[in-house]
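Colleague: I would like to learn how to read the pockets and the helix packing of a model, taking one feature after another. Could you begin with the pockets?

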Amino acid sequence: MTAVTTTTAVPPARTGELPQVRRRRRLSPGRRLPAARLAGPLLVLVLWAAASAAGTLDTNAVPAPWTVLRTAARLWTDGTLPTDVLTSLERAGYGFAIGLAAGVLLALAAGLSRTGEALIDGTVQLNRAIPTLGLIPLFILWLGIGETFKVAIIAIVVYIPVYLNTHAALAGIDSRYVELAEVQGLSRLAFVRQVVIPGALPGFFVGLRLGVTGSWLGLVVLEQINATSGLGYLMFQAQNYGRTDVILVGLLIYGVFGLVSDSAVRLVERRVLSWRRTLSS
């Protein structure tokens, strides 16, 4: 069998001319650039600094980047910022862990059993249709105004995208793999390990990224409700005193947390799914 070449030789138009070679056009995005995802945020930072230096921005509404950095350094030095950051990380961590476990377990139960799908999927879809932040008054009445209801709301924000994407990935597994597993006589555990988990991982990581982002989005709202610490509380207090620089410090920290956590999930995804050949890889 002869190998197929990637170039095509075109016969010369006249005697004595060299043959023209028509190369195949590359349609892939190309090689991944190192730290490419930082280019956009850095560009925004440069434009912000340039506009502040030129006097285009109102410093009362949007302080300059160096003003925000000085404020962050002052808050860190006096011990306010480290305490609030640790409190926010703790709340987000507890809620994320509970929501992740619930989303995966419910997706497996609904994806591997028709009975489980009948009992679980409709309930989750109903929950998804209800605005999660609209549940805050009800959860305050049920769980009180303390930390419990905040963790519960974050868990709900996280488990919904994890469940939806993992369940969709399970439903999208080719039925021929199931038939092949039955022919091979695989046990239920071996079927889950060799077929279900590899097939569900791509969808699971999509839901995981959405869940990580959702945990930070929910946290910034919850920490402004009867809280005494946390980044959201810090921003709420700054609003009362008209401190836009402190508000921007909180927003930037939330943004950094979101970017770092999303990048960490992407890194784990590339390592775990290194066997896939996709455009992103």
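Modeller: This is a predicted model, and we can start with its largest pocket, which is lined by 19 residues, with Pro41, Leu45, Trp48, Leu252 and Val256 lying nearest its centre. The elements that each give two or more residues to this lining are α1 (39–53), α2 (65–77), α3 (80–111) and α10 (244–272).

Colleague: How is such an empty space found, and about how much space lies in the largest pocket?

Modeller: The general idea is that a probe the size of a water molecule, rolled over the atoms, shows where empty space is left. In this structure, about 580 Å³ of space lies in the largest pocket.

Colleague: Which element gives the most to the lining of the largest pocket, and how do the residues of that lining divide by class?

Modeller: Helix α10 gives the most, with 6 residues. By class, the lining of the largest pocket has 18 nonpolar residues and 1 polar residue, with no charged ones.

Colleague: Pro41 was named near the centre of that pocket; is proline 41 buried or exposed, or something in between?

Modeller: Proline 41 lies in helix α1, and it counts as partly exposed because its relative accessibility is 42%, a value that falls between the limits of 20% for buried and 50% for exposed. Sequence distance and spatial distance are also worth reading side by side here, for proline 41 and glycine 255 are 214 residues apart in sequence, while their C-alpha atoms are 10.0 Å apart in space.

Colleague: What share of the contacts in the whole protein chain comes from residues far apart in sequence, at 24 or more positions?

Modeller: Among the contacts in the protein chain with a separation of 6 or more, residues 24 or more positions apart account for 70%. The chain comes to 10 helices and 2 strands, and, read along the sequence, the two strands precede the helices in the pattern β-β-α-α-α-α-α-α-α-α-α-α. Of its 281 residues, 34% count as buried.

Colleague: Where does the second largest pocket lie, and which residues are nearest its centre?

Modeller: The second largest pocket is lined by 19 residues, and Gly111, Leu112, Leu170, Val178 and Phe191 lie nearest its centre. Two or more lining residues come from each of α3, α4 (114–129), α6 (147–171), α7 (175–184) and α8 (188–222). About 480 Å³ of space lies in this second largest pocket, and its lining residues divide into 11 nonpolar, 4 polar and 4 charged.

Colleague: At what angle do α3 and α6 pack, and what is the handedness of their crossing?

Modeller: The axes of α3 and α6 are 6 Å apart and the two helices pack at an angle of about 35°, in a crossing that is right-handed. By class, the contact of α3 with α6 has 19 nonpolar, 6 polar and 3 charged residues.

Colleague: How should I read a single residue of α6, such as threonine 166?

Modeller: One can ask first how accessible the residue is, and then what it touches. Threonine 166 lies in helix α6 and counts as buried because its relative accessibility is 4%. Leaving aside neighbours within four places in sequence, threonine 166 is in contact with Ala107, Ala200, Gly203 and Phe204.

Colleague: What does asparagine 127 touch, if residues up to four places away in sequence are not counted?

Modeller: Asparagine 127, which is found in helix α4, touches Leu135, Ile156, Tyr159 and Ile160 on that count. Asparagine 127 also counts as buried, because its relative accessibility is 17%, under the limit of 20%.

Terms used:
Residues are numbered from 1 along each chain as its sequence is written. This is a predicted model: local features need pLDDT of at least 70, side-chain atom pairs count only at pLDDT 80 or more; totals for chains, interfaces and linings use all residues. Side-chain values use heavy atoms; hydrogens and water are left out. On a 1 Å grid over the protein atoms alone, a cavity is a set of points where a 1.4 Å probe fits but cannot get out, and a pocket is an open set with protein on both sides within 12 Å along at least five of seven lines; lining residues have an atom within 4 Å of a point. Grid points are joined across faces, edges and corners, and a volume is the space filled by probe spheres set on the points. Helices (H or I, at least four residues) and strands (E, at least two) are DSSP runs, numbered from the N terminus. Ala, Val, Leu, Ile, Met, Phe, Trp, Tyr, Cys and Pro count as nonpolar, Asp, Glu, Lys and Arg as charged, and the others, Gly among them, as polar. Buried means under 20% relative accessible area, exposed over 50%, partly exposed in between (1.4 Å probe, protein chains only). Contact means heavy atoms within 4.5 Å. Axes are lines fitted to C-alpha atoms, for helices over the stretch in contact, and angles run from 0 to 180 degrees between N-to-C directions. A crossing is left-handed if the near helix is turned anticlockwise from the far one by less than a right angle, and right-handed if clockwise.
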